[in-house]
Amino acid sequence: MSAENRQAYLNEQREKALQMLSTFVKSVDWPSLQEDVRQVVNAPAEEIIEAAKEGSADLIVVGTHGRSGLASFFLGSVAEEEET
């Protein structure tokens with residue numbers, strides 16, 4: 001995949017994720033719910049932890065691909081990573 005195609009794919013996926021998040025926020029009855037979307041490329045687990053420390057979030061939602069077994073072992077999971 002070329003760098004241009006990769007970037008187009010990432011942009012498309014980001015837009016889909018933003019739309020899903022927006023739909024969710026509109027569907028729940030939490031007047032104070034605010035969405036804060038951040039896109040990170042390097043060290044996402046560390047970026048999420050840093051954002052949590054900086055902000056006043058009551059809840060952080062992290063998606064997962066649902067990998068298990070060898071795929072999970074080799075590819076890892078940001079959602080399951082712990083602070084070190």
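Valine 61 is exposed, with a relative accessible area of 68%. Any residue over 50% counts as exposed, so valine 61 qualifies at 68%. In this predicted model, valine 61 sits in the loop that links helix H2 (44-54) to H3. Val61 also belongs to a nonpolar surface patch. Its partners there are Phe24, Trp30 and Leu59. Together, the four side chains of the patch, Phe24, Trp30, Leu59 and Val61, account for about 470 Å² of accessible area.

The overall fold is helical. The chain contains 3 helices and 0 strands. Read from the N terminus, the order of elements is α-α-α. Helix H1 covers residues 3-27, helix H2 covers 44-54, and helix H3 covers residues 69-75. Burial is limited to 6% of the 84 residues. The accessible surface of the chain comes to about 7600 Å². Carbon and sulfur atoms contribute 52% of that area.

Confidence varies along the chain. The average pLDDT is 75. A score of at least 70 is reached by 69% of the residues. Among the elements, helix H1 has the highest mean pLDDT, at 85. Helix H3 has the lowest, at 59.

Charged side chains were examined next. The structure holds 1 salt bridge. This salt bridge joins lysine 16 to glutamate 12, and the closest N and O atoms are 3.5 Å apart. The cut-off for such a pair is 4 Å, so the 3.5 Å contact between lysine 16 and glutamate 12 falls within it. Both residues lie in helix H1. Because lysine 16 and glutamate 12 are 4 residues apart in this helix, about one helical turn separates them. Lysine 16 is partly exposed, with a relative accessible area of 43%. Glutamate 12 is likewise partly exposed, at 43% relative accessibility. Partly exposed residues fall between the 20% and 50% limits, which means that lysine 16 and glutamate 12 are neither buried nor exposed.

A patch of negative charge also appears on the surface. The patch is formed by Glu46, Glu47, Glu50 and Glu54. Among these residues, glutamate 46 is located in helix H2. Glutamate 46 has a relative accessibility of 46% and counts as partly exposed. Patch members must have over 30% relative accessible area, so glutamate 46 meets that condition at 46%.

Technical notes. Residues numbered from 1 in each chain as written. Predicted model: local features only at pLDDT ≥ 70, side-chain atom pairs only at ≥ 80, totals over all residues. Heavy atoms only, no water. pLDDT = per-residue confidence, 0-100. Helix = DSSP H or I, 4+ residues; strand = E, 2+ residues; numbered from the N terminus. Patch = residues over 30% accessible without salt bridge, like charges linked within 9 Å, V, L, I, M, F, W, Y side chains within 5 Å. Areas by Shrake-Rupley, 256 points an atom, 1.4 Å probe, with all protein chains shown as cover. Buried < 20%, exposed > 50% of the residue type's maximum accessible area, 1.4 Å probe, protein only. Lys, Arg positive; Asp, Glu negative; His and termini not counted. Charge placed at Lys NZ, Arg CZ, Asp CG, Glu CD.
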